[in-house]
Amino acid sequence: MENEIWKCRKCGMELTEQNVVFDYLSLNFSEKLPRCPKCGRVFIPRELANGKMVEVEAQLEEK
Ligand SMILES: [Zn+2]
């Protein structure tokens, strides 16, 4: 991931990279994502979200 600095649209706070745990279709996985230290909102880059969801769905189909 590039060293882009993102800001929260709501608070204007610079986002910090944090380990975020997802719960998706009863599967758990974590990813380092930019998160607002004030309101806790997580920003997911579209490419990452799409890639991860496709990966999870592929895993489910294999079972
Ligand atoms: Zn915020």
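Begin at the zinc ion of this predicted model, and select its donors, which follow the spacing C-x2-C-x24-C-x2-C along the chain. The four residues to highlight are C8, C11, C36 and C39, each coordinating the zinc ion through its SG atom, at 2.3 to 2.4 Å.

What arrangement do the 4 donor atoms form around the zinc ion? The angles they subtend run from 103 to 116°, and the arrangement is therefore tetrahedral, since four donors qualify when all angles lie between 85 and 135 degrees. For orientation, the ideal angle for four tetrahedral donors is 109.5 degrees.

Keep the site on screen and select C11 together with C39. This pair links distant parts of the chain, 28 residues apart: C11 belongs to the segment before β1 (16–24), whereas C39 sits in the loop between β2 (27–35) and α1 (46–62). Next, display the accessible surface of the two residues. C11 is partly exposed, at a relative accessible area of 26%. C39 is likewise partly exposed, with a value of 34%.

Move now to strand β1 and select T16, which lies in it. Is T16 buried, or is it partly exposed? Its relative accessible area is 34%; T16 is therefore partly exposed, because buried residues fall under 20% and exposed ones over 50%.

Show the surroundings of T16. Leaving aside residues up to four places away in sequence, T16 touches L33, P34, R35 and P37. Add Q18 to the selection: its side chain and that of T16 are joined by a polar contact of 3.2 Å. Then pick K32, which is 16 residues from T16 in sequence; the C-alpha to C-alpha distance between them is 9.7 Å.

Finally, clear the selections and view the protein chain as a cartoon. The secondary structure amounts to 1 helix and 2 strands, and the order along the sequence is β-β-α. The radius of gyration is 14 Å, well over the 11 Å that the globule rule gives for 63 residues, so the protein chain is more spread out than a compact globule. Switch to the C-alpha trace and turn it along its principal axes, where it spans about 45 × 20 × 15 Å.

Two colouring schemes complete the tour. Colouring by burial picks out the buried residues, which make up 21% of the 63 residues. Colouring the accessible surface by element shows a total of about 5100 Å², of which 47% belongs to carbon and sulfur atoms. With contacts drawn at a separation of 6 or more, residues 24 or more positions apart account for 33% of them.

Note on methods
Residues are numbered from 1 along each chain as its sequence is written. This is a predicted model: local features need pLDDT of at least 70, side-chain atom pairs count only at pLDDT 80 or more; totals for chains, interfaces and linings use all residues. Side-chain values use heavy atoms; hydrogens and water are left out. Donors are N, O and S atoms within 2.8 Å of the metal (3.2 Å for Na, K and Ca); water is not among the atoms, so sites may look incomplete. Four donors count as tetrahedral if all angles lie between 85 and 135 degrees; four count as square planar and six as octahedral if opposite donors are over 155 degrees apart and all others between 65 and 115; anything else is irregular. Helices (H or I, at least four residues) and strands (E, at least two) are DSSP runs, numbered from the N terminus. Buried means under 20% relative accessible area, exposed over 50%, partly exposed in between (1.4 Å probe, protein chains only). The radius of gyration is taken over C-alpha atoms; the globule rule is 2.2 Å times the number of residues to the power 0.38. Contact means heavy atoms within 4.5 Å. Accessible areas come from the Shrake-Rupley method with a 1.4 Å probe; for residues, only the protein chains shown count as cover. A polar contact is a pair of N or O atoms within 3.5 Å; within protein, one must be able to donate a hydrogen and the other to accept it, and residues adjacent in sequence count only if both atoms are side-chain atoms.
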